[in-house]
Amino acid sequence: MRVFLLRNDAERGVYKLSQKEKNYLFRVLRLNVNDIFTAKDKDDRYYKAFLFDEDSITLEETDNPEETLLDGLSSYTGPFTPITAFISVLKGKKNEMEIRALTEMGVKRIVLMETEFVQTSLSDHQMERFSLIIREAVQQSGSKEPELIGPVDFSAALGLAEGRILILHQSEITGTRTLKEAVNDLSSSSPISFMIGPEGGFSEKECELATAKGAMPILLCTNILRSETAALYTASALQVLLQDKNS
């Protein structure tokens with residue numbers, strides 16, 4: 001559900017709006033003074049927010065955030081499968097698109113990897129940009145803010161993986177399975193980690209290192225996908241396959 005995301009320094013009572021927040025409320029959402037809407041803080045506490053004047057809102061904690069949502073969109077309030085997405089550093093703005101969409105999908109963690117065939121590196125400015133994108137995606141979608149980690153090398157990434165580990169590849173590897181086969185025995189609350197390589201995929205050495213540490217090789221039953229498309233396809237498929245077990 002779409003809510004107004006409060007800064008980390010939010011406290012109950014009067015909350016002073018930044019210029020960017022004022023632009024969002026008045027220009028983007030077209031709210032007016034005296035309007036009431038739903039806000040959320042970093043600890044996932046919800047508030048009934050009252051637009052007191054052009055510079056501030058007042059906050060009253062609520063157990064019924066759907067009463068004052070920013071829009072009438074239907075909302076999913078159930079649990080999400082705890083997914084960690086390991087994505088390789090990509091050229092241009094491809095990682096921005098990945099991170100925005102993965103956040104909206106409700107993944108738990110996003111880990112950026114510098115693998116053997118990565119052709120670029122990330123600056124501090126880009127990492128700050130990713131954090132801003134996550135915040136904007138959370139505000140738009142109502143999802144919980146994922147932890148952003150990295151960039152780390154492939155070996156370190158394997159050490160961060162939780163639960164069932166899946167490595168997607170483009171060549172034949174002994175023991176390769178489909179996504180459905182790989183998660184068929186898991187419950188909707190089982191932690192799962194998937195790893196997506198850069199343009200050109202993972203190296204043979206990286207695949208061997210991953211499988212030696214228990215990762216399951218996965219070949220998607222679809223067309224050849226770009227790295228960023230494969231990440232979104234995989235996250236979506238896992239959510240459907242695992243969350244269907246709740247129904």
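Me: In the protein chain, what share of the contacts with a separation of 6 or more comes from residues 24 or more positions apart?

Reply: This model is predicted: local features need pLDDT of at least 70 and side-chain atom pairs 80 or more, while totals for chains, interfaces and linings use all residues. Residues are numbered from 1 along each chain as its sequence is written, and side-chain values use heavy atoms, leaving out hydrogens and water. A contact means heavy atoms within 4.5 Å. Among contacts with a separation of 6 or more, residues 24 or more positions apart supply 74%.

Me: How much of the protein chain counts as buried?

Reply: Buried means under 20% relative accessible area, with a 1.4 Å probe and protein chains only; over 50% is exposed, in between partly exposed. Of the 247 residues, the buried part is 47%.

Me: Why is the pair of Phe 4 and Tyr 24 stacked or tilted?

Reply: Rings of Phe, Tyr and Trp (its six-membered ring) pair if their centres lie within 6.5 Å; planes under 30 degrees apart are stacked, over 60 edge-to-face, the rest tilted. Phe 4 and Tyr 24 have ring centres 6.4 Å apart. Their planes meet at 25°, so the pair is stacked.

Me: Which residue joins Phe 4 and Tyr 24 in a cluster?

Reply: Both Phe 4 and Tyr 24 are buried. Ring pairs link these two into a cluster with Phe 37.

Me: What is the angle between the planes of Phe 154 and Phe 202?

Reply: Phe 154 is buried at 4% relative accessibility, and Phe 202 is buried at 10%. Their centres lie 5.3 Å apart. The pair is tilted, with the planes at 55°.
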